[in-house]
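Colleague: I am new to this one. Could you show me how to read it, feature by feature?

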Amino acid sequence: MGLIRLIYASRASESFQAKDISSILEVAQETNRDLDITGILYFGNGYFIQCLEGQPEAVEALYERISTDLRHENVVVLDKIEIQERSFEEWRMGFVSQTDVNEALFEKYMQENIFDPFSLFNNKANEFLLELKSVVNSNYYVG
Ligand code: FAD
């Protein structure tokens with residue numbers, strides 16, 4: 001098998017603080033390079049959505065590790081599929097925050113004008129994340 005993408009949603013736990021994002025991204029930059037994983041992470045309204053792309057074993061191992069992280073809970077896989085090519089090949093982990101996104105995008109994908117990844121319309125998780133590509137604001141590029 002070639003590459004897969006895995007998209008999950010989760011809710012920030014009580015112990016999570018906004019400043020944790022930068023340490024998560026710093027670790028992700030290094031680990032994801034070692035594992036040849038690329039992707040995107042969005043945080044808003046107390047929720048995360050993240051896409052991990054790479055070799056199946058690497059993606060699954062990283063997802064296992066992330067899913068036990070106490071900084072979030074209710075971790076649910078929204079999409080896991082074989083892919084021909086990466087969508088986020090530029091970023092070890094591109095990061096987008098709430099303030100970068102026009103709320104019209106939430107209405108388009110979630111009915112409400114507030115972010116809730118658990119109410120994403122059927123199979124729309126990947127499309128939603130692709131729309132965020134233009135506003136990625138982290139410096140964690142592939143390098
Ligand atoms: P260590 O840093 O040795 O920690 C051991 C365990 O403790 C970790 O598995 C984690 O579950 C937990 N932990 C670590 N720090 C804290 C803390 N401050 N508070 C509470 N629990 C903690 N890592 C990546 O490598 N790539 C990613 O793309 C990535 N994305 C993430 C996205 C989200 C939403 C979250 C919450 C975490 C993400 N992480 C990512 C971090 C990942 O969960 C691990 O903490 C990290 O990979 C280091 O793994 P480790 O086994 O060396 O853990």
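Modeller: We will take the ligand, then the pocket, then the salt bridges. Keep in mind that this is a predicted model.

Colleague: Which residues come nearest to the ligand?

Modeller: Begin with the shell, meaning the residues with a heavy atom within 4 Å of the ligand. Here 17 residues stand around the ligand. Thr31, Asn32, Gln50, Arg65 and Asp69 come nearest.

Colleague: What kinds of residue make up that shell?

Modeller: Sort the shell by side-chain class. It divides into 9 nonpolar, 5 polar and 3 charged residues.

Colleague: Where does Asp69 touch the ligand, and how far apart are the atoms?

Modeller: For a polar contact, look for N or O atoms within 3.5 Å of each other. A polar side-chain atom of Asp69 is 2.6 Å from a ligand oxygen. The side chain of Arg65 also takes part: one of its N or O atoms lies 3.2 Å from an oxygen atom of the ligand. Thr68 uses its backbone instead, with an N or O atom 3.5 Å from a ligand oxygen.

Colleague: How much of the ligand does the protein bury?

Modeller: Compare the ligand alone with the ligand in place. Alone, it exposes 890 Å². The protein buries 67% of that.

Colleague: Which elements give two or more residues to the shell?

Modeller: Look for α1 (20–35), β3 (47–54) and α2 (56–67). Of these, α1 gives the most, with 5 residues.

Colleague: Now the largest pocket. What is its volume, and how many residues line it?

Modeller: Read the volume and the lining together. The volume is about 330 Å³. The lining has 18 residues, and Ile24, Ala28, Ile66, Asp69 and Arg71 lie nearest the centre of the pocket. The elements giving two or more residues to this lining are α1, β3 and α2. The largest share comes from α1, with 6 residues.

Colleague: How does that lining divide by class?

Modeller: Into 10 nonpolar, 5 polar and 3 charged residues. Note Asp69 again: it is among the residues nearest the pocket centre, and it is also among those nearest the ligand.

Colleague: Last topic. How many salt bridges does the structure hold?

Modeller: Look for a side-chain nitrogen of Lys or Arg within 4 Å of a carboxyl oxygen of Asp or Glu. The structure holds 8 such pairings. One of them joins the side chains of Glu73 and Arg11, at 3.1 Å from N to O.

Colleague: Which strands does that pair link?

Modeller: Glu73 sits in strand β4 (residues 72–83), and Arg11 in strand β1 (residues 3–12). The two are 62 residues apart, so the pair links distant parts of the chain.

Definitions and conventions
Residues are numbered from 1 along each chain as its sequence is written. This is a predicted model: local features need pLDDT of at least 70, side-chain atom pairs count only at pLDDT 80 or more; totals for chains, interfaces and linings use all residues. Side-chain values use heavy atoms; hydrogens and water are left out. A polar contact is a pair of N or O atoms within 3.5 Å; within protein, one must be able to donate a hydrogen and the other to accept it, and residues adjacent in sequence count only if both atoms are side-chain atoms. Accessible areas come from the Shrake-Rupley method with a 1.4 Å probe; for residues, only the protein chains shown count as cover. Helices (H or I, at least four residues) and strands (E, at least two) are DSSP runs, numbered from the N terminus. Ala, Val, Leu, Ile, Met, Phe, Trp, Tyr, Cys and Pro count as nonpolar, Asp, Glu, Lys and Arg as charged, and the others, Gly among them, as polar. On a 1 Å grid over the protein atoms alone, a cavity is a set of points where a 1.4 Å probe fits but cannot get out, and a pocket is an open set with protein on both sides within 12 Å along at least five of seven lines; lining residues have an atom within 4 Å of a point. Grid points are joined across faces, edges and corners, and a volume is the space filled by probe spheres set on the points.
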